[in-house]
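Here is a short walk through one protein chain, written for someone who likes to check contacts and distances. Have the viewer open and follow along.

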Amino acid sequence: MKTLEKYLPVTPDFFDVAEVFLQKKVRVIYFGVDNALEESAGSLKGIVTNSRGEFLEIENADHPRLDRIITINGKPGPAYDEYDACANACLSCQAGYDE
């Protein structure tokens, strides 16, 4: 079964960032189901809250969950640190080679 992790509260500062883009075109990179990287683009209509968390409402019918957003128009989102840590993790491995 494909699922999202439990919703984590988002810092109020991110709501201010999102509000700057209301009614404007956005490009959002986020972690989707099973932590797959996904992208959405379109006009930002608002923020929707339901029992599963808080979501951006984009005109193309995508609803990225706020706590899983990596970037919005290039600005770091709540999941940016998680993405950055994942991206840097491979730098410490030896890719199967011995020292």
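## Serine 40 and its polar partners

Let's jump straight in: the side chains of serine 40 and aspartate 62 make a polar contact of 2.8 Å. Serine 40 also has a side-chain polar contact with asparagine 60, this one at 3.2 Å. Keep in mind that this is a predicted model.

Where does serine 40 sit? Its place is in strand S2, which covers residues 37-50. Serine 40 has a relative accessible area of 2%, so it counts as buried. Skipping neighbours within four places in sequence, its contacts are Val26, Arg27, Val28, Tyr30, Ile58, Asn60 and Asp62.

## The overall layout

Zooming out, the protein chain has two helices and five strands. Read from the N terminus, the order is α-β-β-β-β-β-α. The chain has 99 residues, and 32% of them count as buried.

On the outside, about 6,600 Å² is exposed, with carbon and sulfur atoms supplying 53% of that area. As for contacts between residues at least 6 apart in sequence, 45% join residues at least 24 apart.

## The nonpolar core

In soluble globular proteins, nonpolar side chains tend to be buried together. Here the largest nonpolar core has 14 residues, and the ones with the most contacts inside it are Val26, Val28, Leu44, Leu56, Leu66, Ile69 and Ile72. Helix H1 (12-20) and strands S1 (25-31), S3 (53-58) and S4 (69-72) each put in at least two residues. The largest share, three residues, comes from S1.

Isoleucine 69 is a good one to click on. Leaving out neighbours within four places in sequence, it is in contact with Phe14, Val28, Ile29, Tyr30, Leu56, Pro64, Gly77, Pro78, Ala79 and Tyr80.

## Two spots on helix H1

Is alanine 18 buried or exposed? With a relative accessible area of 1%, it is buried, since the cut-off for that label is under 20%. Alanine 18 belongs to helix H1, and beyond four places in sequence it touches Leu44, Ile47 and Leu56. Its C-alpha is 7.8 Å from that of isoleucine 72, although the two are 54 residues apart in sequence.

Aspartate 13 is in helix H1 too, but at 53% relative accessibility it counts as exposed. The C-alpha atoms of aspartate 13 and glycine 77 are 9.9 Å apart, with their positions 64 residues apart along the chain.

## Salt bridges

How many salt bridges does a search of the whole structure find? It finds four. One of them pairs glutamate 59 with lysine 25, with 3.1 Å between the closest N and O atoms. Glutamate 59 is in the loop between S3 and S4 and lysine 25 is in strand S1, so this pair ties together parts 34 residues apart in sequence. Lysine 25 is exposed at 60% relative accessible area, while glutamate 59 is partly exposed at 44%.

Another salt bridge joins arginine 27 and glutamate 39, the closest N and O atoms being 2.7 Å apart. This pair links strand S1 to strand S2, across 12 residues. Both partners are partly exposed, arginine 27 at 46% and glutamate 39 at 47%. Then there is glutamate 82 with arginine 68, at 2.8 Å between the closest N and O atoms. That pair connects helix H2 (residues 80-89) with the loop between S3 and S4, 14 residues apart. Arginine 68 is buried at 3% relative accessibility, whereas glutamate 82 is partly exposed at 34%.

Technical notes
Residues are numbered from 1 along each chain as its sequence is written. This is a predicted model: local features need pLDDT of at least 70, side-chain atom pairs count only at pLDDT 80 or more; totals for chains, interfaces and linings use all residues. Side-chain values use heavy atoms; hydrogens and water are left out. Helices (H or I, at least four residues) and strands (E, at least two) are DSSP runs, numbered from the N terminus. Buried means under 20% relative accessible area, exposed over 50%, partly exposed in between (1.4 Å probe, protein chains only). Contact means heavy atoms within 4.5 Å. Accessible areas come from the Shrake-Rupley method with a 1.4 Å probe; for residues, only the protein chains shown count as cover. A nonpolar core is a set of buried Ala, Val, Leu, Ile, Met, Phe, Trp, Tyr and Cys residues joined through side-chain atoms within 4.5 Å. A polar contact is a pair of N or O atoms within 3.5 Å; within protein, one must be able to donate a hydrogen and the other to accept it, and residues adjacent in sequence count only if both atoms are side-chain atoms. A salt bridge is a side-chain nitrogen of Lys or Arg within 4 Å of a carboxyl oxygen of Asp or Glu.
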